[in-house]
Amino acid sequence: MSRRKACLIFNPVAGNTDSELELARIKELLSSQIELDIQFTTEEIGADKLAQEAVKKDEFEIIIAAGGDGTLSEAAKALGETTTPLGVIPRGTANAFAAALGIPDTLDEACETILSGKTRRIDIGRCNGRLMTLLAGIGFEAETIENASREAKQRWGALAYLVSGIQQLRELELFEAEIETDDKIIKVSAGALTVANAAPPTSILAQGPAGILYDDGLLDITIISSNTWASAIAASYHLLQTGLRGDAAKRDDIGYIRTKRVKITTDPPQKIVLDGEMIGNTPLEVECVPGGLTVMVPMLPAEKISEKLEGLPNLEVEDKSPVVKNE
């Protein structure tokens with residue numbers, strides 16, 4: 001049985017574990033079925049450039065990215081609007097991209113997903129001329145991400161974002177925003193605005209609507225207008241609870257919209273974070289690109305049952321029920 005060819009893009013500084021041991025384990029798990037061409041990211045060469053070069057070679061059936069959300073998002077954007085599937089091995093601090101798609105965050109399970117998972121077309125977004133896999137945040141979230149240093153993330157992991165968020169809450173200020181969609185224009189005072197294509201429940205500020213689907217052809221916009229430290233804490237806790245349950249938020253200081261495209265302007269201008277990367281200030285324009293990316297994801301329970309049934313032999317059962325004759 002011939003092995004598939006894949007380009008493995010590996011970030012050696014992702015996470016806070018032993019990258020050499022992790023790479024050895026990945027090779028051990030995948031090499032029996034996949035011929036790996038391993039490429040390492042550096043400060044000068046990111047996962048996006050490596051993925052673009054791999055696509056140009058036209059010899060790989062899969063591009064696999066192993067790293068944190070930054071590495072995974074860069075690779076995903078390079079594969080956006082192509083037919084090459086992306087395999088995901090999360091090794092970062094938050095692993096939000098993998099969590100949003102239901103991809104396991106352990107090496108063994110993530111590799112098993114690549115070996116036996118299904119390919120699925122998911123939406124992406126086009127945001128200020130860039131591709132977006134997860135979400136864009138304005139205001140509070142952007143400030144929180146910007147002030148969570150790499151050193152803090154390596155030392156404390158996901159807690160670094162919590163610490164940064166608490167610090168930002170003390171300096172919370174509302175701004176004026178105009179939100180323009182295809183059919184309406186809304187003007188609000190907000191402390192945070194999030195435009196999500198996909199987001200796990202742990203991306204709290206994106207959880208206004210009831211469940212965020214990564215393949216519905218729509219963007220989910222969450223508006224938080226809390227104007228005090230206490231109300232912001234209460235709103236965040238409410239969003240965590242409703243997000244975990246898959247329910248829509250029910251507070252007066254939280255609003256949400258679903259739309260195919262949106263333009264947001266603010267006064268004063270606000271910082272924008274796109275998939276964990278600072279990209280400048282508002283205005284922000286985002287459009288959903290339905291089915292713009294192919295990703296290898298775990299099989300759903302129903303798919304697993306169907307696969308098992310397909311593997312069973314067809315049995316012909318002899319009918320031994322008594323024959324009733326009409327006399």
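**Exercise 1. A glutamate in a helix**

In this predicted model, Glu22 lies in helix α1, residues 19–30. Decide whether Glu22 is buried or exposed, and find which side chains make polar contacts with the side chain of Glu22.

*Solution.*
- Step 1. Take the accessibility. The relative value for Glu22 is 14%. Buried means under 20%, so Glu22 counts as buried.
- Step 2. List the contacts beyond four places in sequence. They are Thr17, Arg91 and Leu107.
- Step 3. Look for polar pairs. The side chain of Thr17 makes a polar contact of 2.7 Å with that of Glu22. The side chain of Arg91 makes another with Glu22, at 2.6 Å.

**Exercise 2. The sides of α9**

Helix α9 covers residues 229–245. Compare its span with the expected one, then sort its buried and exposed residues by side.

*Solution.*
- Step 1. Count and span. α9 has 17 residues and reaches 25 Å from first C-alpha to last. The expected figure at 1.5 Å a residue is 24 Å, and the span is close to that.
- Step 2. Collect the buried residues. They are Ser231, Ala232, Ala235, His238, Leu239, Thr242 and Gly243. They cover an arc of only 130° around the axis, so they sit on the same side of α9.
- Step 3. Turn to the other side. There Ala230, Tyr237, Leu244 and Arg245 are exposed.
- Step 4. Check what follows the helix. Gly246 comes after α9, and its phi is positive, near 80°.

**Exercise 3. Strand β10 and its partners**

Establish how many residues of β10 are buried. Then name the strands paired with β10 and the residues opposite Val195.

*Solution.*
- Step 1. Count the buried residues. Five of the five in β10 are buried, so the rest of the structure largely encloses this strand.
- Step 2. Assign directions. In a regular strand the side chains alternate between the two faces of the sheet. In β10, Ala192, Thr194 and Ala196 point one way, while Leu193 and Val195 point the other way. All are buried.
- Step 3. Find the partners. β7, residues 135–139, runs antiparallel to β10 and is joined to it by five bridges. β11 also pairs with β10 in the antiparallel sense, over five bridges.
- Step 4. Locate Val195. Ala136 stands opposite Val195. In β11, Ile221 is the bridge partner of Val195.

**Exercise 4. Asn197, after the strand**

Place Asn197 in the chain, state its burial, and identify the backbone atom close to a polar atom of its side chain.

*Solution.*
- Step 1. Place the residue. Asn197 is in the loop between β10 (192–196) and β11 (219–224).
- Step 2. Take the accessibility. At 0% relative accessibility, Asn197 is buried.
- Step 3. Find the atom. The backbone oxygen of Asp123 lies 2.8 Å from a polar atom of the Asn197 side chain.
- Step 4. Survey the surroundings. Residues touching Asn197 from beyond four places in sequence include Ile124, Met132, Leu134, Tyr214 and Cys288.

**Exercise 5. Gly139 in β7**

Gly139 belongs to strand β7. Determine whether Gly139 is buried or exposed, and how far its C-alpha is from that of Gly191.

*Solution.*
- Step 1. Take the accessibility. The relative value is 5%, so Gly139 counts as buried.
- Step 2. Compare chain and space. Gly139 and Gly191 are 52 residues apart along the chain, and 6.0 Å separates their C-alpha atoms.
- Step 3. List the contacts. Beyond four places in sequence, Gly139 touches Phe175, Gly191, Gln270 and Lys271.

**Exercise 6. Backbone angles in loops**

Identify the peptide bonds to Pro268 and Pro283 as cis or trans. Then give the sign of phi at Asp58 and Glu81, with the exposure of each residue.

*Solution.*
- Step 1. Take Pro268, in the loop between β13 (261–267) and β14 (271–274). The bond from Asp267 to Pro268 is cis, with omega near 0°.
- Step 2. Take Pro283, in the loop between β15 (277–281) and β16 (284–297). The bond joining Thr282 and Pro283 is cis, with omega about 15°.
- Step 3. Take Asp58, in the loop between α2 (47–57) and β3 (62–67). Asp58 is not a glycine, yet its phi is positive, about 55°. Its relative accessible area is 71%, so Asp58 is exposed.
- Step 4. Take Glu81, in the loop between α3 (69–79) and β4 (86–90). Glu81 is not a glycine either, and its phi is positive, about 60°. At 48% relative accessibility, Glu81 is partly exposed.

Definitions and conventions
Residues are numbered from 1 along each chain as its sequence is written. This is a predicted model: local features need pLDDT of at least 70, side-chain atom pairs count only at pLDDT 80 or more; totals for chains, interfaces and linings use all residues. Side-chain values use heavy atoms; hydrogens and water are left out. Helices (H or I, at least four residues) and strands (E, at least two) are DSSP runs, numbered from the N terminus. Buried means under 20% relative accessible area, exposed over 50%, partly exposed in between (1.4 Å probe, protein chains only). A polar contact is a pair of N or O atoms within 3.5 Å; within protein, one must be able to donate a hydrogen and the other to accept it, and residues adjacent in sequence count only if both atoms are side-chain atoms. Contact means heavy atoms within 4.5 Å. The expected span of a helix is 1.5 Å times one less than its number of residues. The arc is that of the directions from the helix axis to the C-beta atoms. Two strands pair if DSSP finds at least two bridges between them.
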